[in-house]
Amino acid sequence: MSDREALETNSPRMVQDYIVMNEAGSDWKILRTDLPEHYYWVNDVTSADLNNDGWLDIVGVRSRDYSKENGTPFIVLNHGYLEFTRHDILVNSEDDIFSADLIVQGFFNNDGLPDRFSTNGRGLLPSHRGPYQYWLNSSKKTNGYLMLELQGSTTNRDAVGTQLELYNSDSQLMGSRGVGKAYGLSQDTHILHFGLGSVDGICRLRVQWFGQKQAQEFLVQRNSFLLINQGSEIAVDINSDG
C-alpha cells in the first residue's frame, strides 16, 4: 500500500478542542470548553470580537485526511468569564474534497463588524483548488465598536508590533490589541478593532509604538474609525458616520 493510500484509508481519531490561557507568563492553563469532539483537523484560526460585546471570539477552518471533505467552519463564541460555546457555520457542499487552508480577519464594508476570508487547497486530481470564500458578518449592530488604523513614522510604516490598550471612563482596562497579529501562514488586517458592548461616553486609548519608550494617549468615542499617525496628537475620524 502506498503512503497516499495509507493516508486515505486511515481511520481518523477523535480530537478535542482546547483554549489555553497564559497566566501572566508564569504558567499555562488549559480550559476545557466541553465542546463536542470531532474527527477533523483544525487547519487555521483567527480571533476577533464578532458581535462587539467586548469579548474576543475564535473562528476556524477544518479538514480531514487528503481527499476527504472539509469539516464545517466553526465559531467559538466567548461569553466572558471563561464561558464558551462552539457553533458550526456555513455548511457548503462546494467545499467537499478540498482542503481548507487559511482564514484571516478583515473589514469589507467598514460597518464596525469584523468579516472573514478563507482559502481552500487542492483536492484529488483532476480536481482543482477549492472556492475561496469571504464571510460577511451580519450580526445585529446593537453594541458599540472602535476601529483603528495606525501609520508609523520612526517605527515601520504599518506600525507592526505596536501595542494598544483601551480604558473606559473609570480607567478600567477593556482590552488590548497588537498590530500585525498572525496565525500560522496567515496575517490579519492591520486595522484594529475593539467591541465596546453597551459602554458609552469617552474612552482612553493608550498607544505604545513599537521601539518607542514613551506611549501616546488619546480620548476616543464609541462607533469611530480613527486614523492615528505616529507623533500626531490628534486621532482623525475617517468614517464618522459609522
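**Exercise 1. Find the residues that Ser224 is in contact with, leaving aside its neighbours within four places in sequence.**

*Solution.* Step 1: apply the cut-off, since contact means heavy atoms within 4.5 Å. Step 2: skip the sequence neighbours within four places, and Ser224 is left in contact with Tyr145, Leu146, Met147 and Asp237. Step 3: place the residue; Ser224 belongs to strand S18, residues 224–229. Strands here are DSSP runs of E with at least two residues, helices are runs of H or I with at least four, and both are numbered from the N terminus.

A word on the model before you go on: it is predicted, so local features need pLDDT of at least 70 and side-chain atom pairs count only at pLDDT 80 or more, while totals for chains, interfaces and linings use all residues. Residues are numbered from 1 along each chain as its sequence is written, and side-chain values use heavy atoms, with hydrogens and water left out.

**Exercise 2. Decide whether Ser224, Asn52 and Leu82 are buried, partly exposed or exposed.**

*Solution.* Step 1: recall the limits: buried is under 20% relative accessible area, exposed is over 50%, and partly exposed lies in between (1.4 Å probe, protein chains only). Step 2: Ser224 has 7%, so it counts as buried. Step 3: Asn52 has 3%, so it is buried. Step 4: Leu82 has 48%, so it is partly exposed.

**Exercise 3. Locate Asn52 and Leu82, and give the phi of each.**

*Solution.* Step 1: Asn52 sits in the loop between strand S3 (41–48) and strand S4 (57–63). Its phi is positive, near 60°, and Asn52 is not a glycine. Step 2: Leu82 lies in the loop between strand S5 (71–78) and strand S6 (84–88). Leu82, also not a glycine, has a positive phi of about 65°.

**Exercise 4. Describe how strands S11 and S12 pair.**

*Solution.* Step 1: two strands pair if DSSP finds at least two bridges between them. Step 2: S11 (residues 163–167) and S12 (residues 173–178) run antiparallel and are joined by five bridges. Step 3: for one bridge, look at Gln163, whose partner in S12 is Gly178. Step 4: the hairpin has five residues between the strands, and Ser171 there takes a positive phi near 65°.

**Exercise 5. Say where confidence is lowest and where it is highest.**

*Solution.* Step 1: pLDDT is the predictor's confidence in each residue, from 0 to 100. Step 2: helix H1 (residues 3–9) is lowest, at a mean of 51, and S16 is highest, at 97. Step 3: where pLDDT is low, the predicted coordinates should not be read in detail.
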